[in-house]
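Visitor: I'm new to looking at protein models. Could you walk me through this one?

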Amino acid sequence: MKASSVRDRILEVAGELFFSNGYRATGINEIIRKAGVAKASFYHHFPSKEALCIAFLEQRNDADIEDIHAFVATRRTPRTRYLALIECVGPFLEEGNYRGCVFLNMVNEFPDPDCVPRRIGVEHYLRIRQIVVDLTRDLLDSDPERYAALDAERIADEYMVIFTGLLSQGALTHSGDALRPALRAAERLVD
């Protein structure tokens with residue numbers, strides 16, 4: 001394996017294990033074994049499990065935000081773009097084995113507010129909230145007369161409760177049953 005592919009394989013396997021088992025229940029030896037790398041190779045790329053977790057979360061954070069922007073860009077109107085964030089999680093919820101958002105899961109595993117993995121999880125949701133603010137502003141600007149009394153920041157706060165509730169409900173039920181109610185709730189925020 002090339003050095004970069006060894007690192008990528010470790011990140012990929014760690015991500016799968018962190019997602020399925022959680023951070024604390026995933027051991028370095030299990031990651032090394034499943035990635036098929038030598039212990040020295042692991043430690044060459046990651047000095048600790050937490051360093052690996054940080055690298056995984058940073059990579060995932062950027063990839064998820066890019067995916068959200070790409071999904072939103074497929075929608076044609078301000079209203080459909082506003083609802084797109086909720087719709088984009090639908091396929092994950094409907095797979096039947098959804099175990100929750102890795103960032104929310106990590107925030108729960110790292111209760112110390114100064115811990116880097118927790119801060120990355122919080123940052124992830126702040127970035128998503130900013131996307132919601134921007135999408136909401138675009139919607140409100142599309143019809144200033146209709147939406148004159150609405151506040152994008154307040155709507156974004158409530159939208160985020162709907163969004164994170166949808167992710168949690170999907171993890172509880174292993175289904176996309178909450179998708180339609182979440183969409184209706186998001187619509188009610190602006191109707």
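Visitor: Let's start with one residue: where is the place of H174?

Guide: Before anything else, keep in mind that this is a predicted model. Two helices frame the spot, α9 and α10, and the second of these covers 179-190. H174 has its place in the loop between α9 and α10.

Visitor: And is H174 buried, exposed or partly exposed?

Guide: We need the cut-offs here: buried is under 20% relative accessible area, and exposed is over 50%. H174 comes out at 36% relative accessibility. That value falls in between, so H174 counts as partly exposed.

Visitor: What is phi of H174 near?

Guide: The sign is the thing to look at, as phi is positive here in a residue other than glycine. The value for H174 is near 55°.

Visitor: Let's zoom out. How many helices and strands does the protein have?

Guide: Reading from the N terminus on, the elements go α-α-α-α-α-α-α-α-α-α. Of the 191 residues, 45% count as buried. The C-alpha trace spans about 65 × 35 × 30 Å along its principal axes. As for the tally, it is 10 helices and 0 strands.

Visitor: How do α8 and α9 pack, and what do you call their orientation to each other?

Guide: Helix α8 takes in residues 116-142 and helix α9 takes in residues 152-173. Their axes are 9 Å apart, and the packing angle is about 125°. Over 145 degrees would count as roughly antiparallel, and 65 to 115 as roughly perpendicular. The angle fits neither, so α8 and α9 are oblique.

Visitor: Is the crossing of α8 and α9 left-handed or right-handed?

Guide: Here we look at the direction of the turn between the two helices α8 and α9. Their crossing is right-handed.

Visitor: Which residues of helix α7 are buried, and what do they line?

Guide: Helix α7 runs over residues 102-109, and its buried residues are V102, F103, M106, V107 and E109. In an α-helix there are 3.6 residues a turn, so residues three or four places apart point the same way. Looking down the axis of α7, you find the buried residues within an arc of 165°. They therefore line one face of the helix.

Visitor: On to the rings: why is the pair of F18 and Y23 tilted?

Guide: The count of aromatic pairs comes to 7. In the pair of F18 and Y23, the ring centres are 5.4 Å apart and the planes are at 50°. Stacked would need planes under 30 degrees apart and edge-to-face over 60, so this pair is called tilted.

Visitor: What about F42 and F46: what is the angle between their planes?

Guide: F42 and F46 also form an aromatic pair, with 6.0 Å from centre to centre. F42 is buried at a relative accessible area of 0%, and F46 is buried at 2%. Their pair is tilted, and the angle between the planes is 50°.

Visitor: Which residues form one aromatic cluster with F18 and Y23?

Guide: F18 and Y23 are both buried. Their cluster has four names in it: F18, Y23, and then F56 and F110.

Visitor: Which residues lie over the faces of Y23 and F110?

Guide: Over the face of F110, at 5.2 Å from the ring centre, lies R24. The face of Y23 has a partner at 4.3 Å from the ring centre, and that is K49.

Visitor: V89 is found in a loop; how far is V89 from L179 in space?

Guide: The loop with V89 is between α5 (78-88) and α6 (90-94). V89 has 9% relative accessibility, so V89 counts as buried. Along the sequence, V89 and L179 are 90 residues apart. In space, C-alpha to C-alpha, the distance is 8.4 Å.

Visitor: Last one: how far apart in space are V161 and A186?

Guide: V161 lies in helix α9, and its relative accessible area of 58% makes it exposed. V161 and A186 are 25 residues apart in sequence. Going C-alpha to C-alpha, they are separated in space by 9.9 Å.

Definitions and conventions: Residues are numbered from 1 along each chain as its sequence is written. This is a predicted model: local features need pLDDT of at least 70, side-chain atom pairs count only at pLDDT 80 or more; totals for chains, interfaces and linings use all residues. Side-chain values use heavy atoms; hydrogens and water are left out. Rings of Phe, Tyr and Trp (its six-membered ring) pair if their centres lie within 6.5 Å; planes under 30 degrees apart count as stacked, over 60 as edge-to-face and the rest as tilted. Buried means under 20% relative accessible area, exposed over 50%, partly exposed in between (1.4 Å probe, protein chains only). A charge sits over a ring if NZ of Lys or CZ of Arg is within 6 Å of the ring centre and within 35 degrees of the ring normal. Helices (H or I, at least four residues) and strands (E, at least two) are DSSP runs, numbered from the N terminus. The arc is that of the directions from the helix axis to the C-beta atoms. Axes are lines fitted to C-alpha atoms, for helices over the stretch in contact, and angles run from 0 to 180 degrees between N-to-C directions. Angles under 35 degrees count as roughly parallel, over 145 as roughly antiparallel, 65 to 115 as roughly perpendicular and the rest as oblique. A crossing is left-handed if the near helix is turned anticlockwise from the far one by less than a right angle, and right-handed if clockwise.
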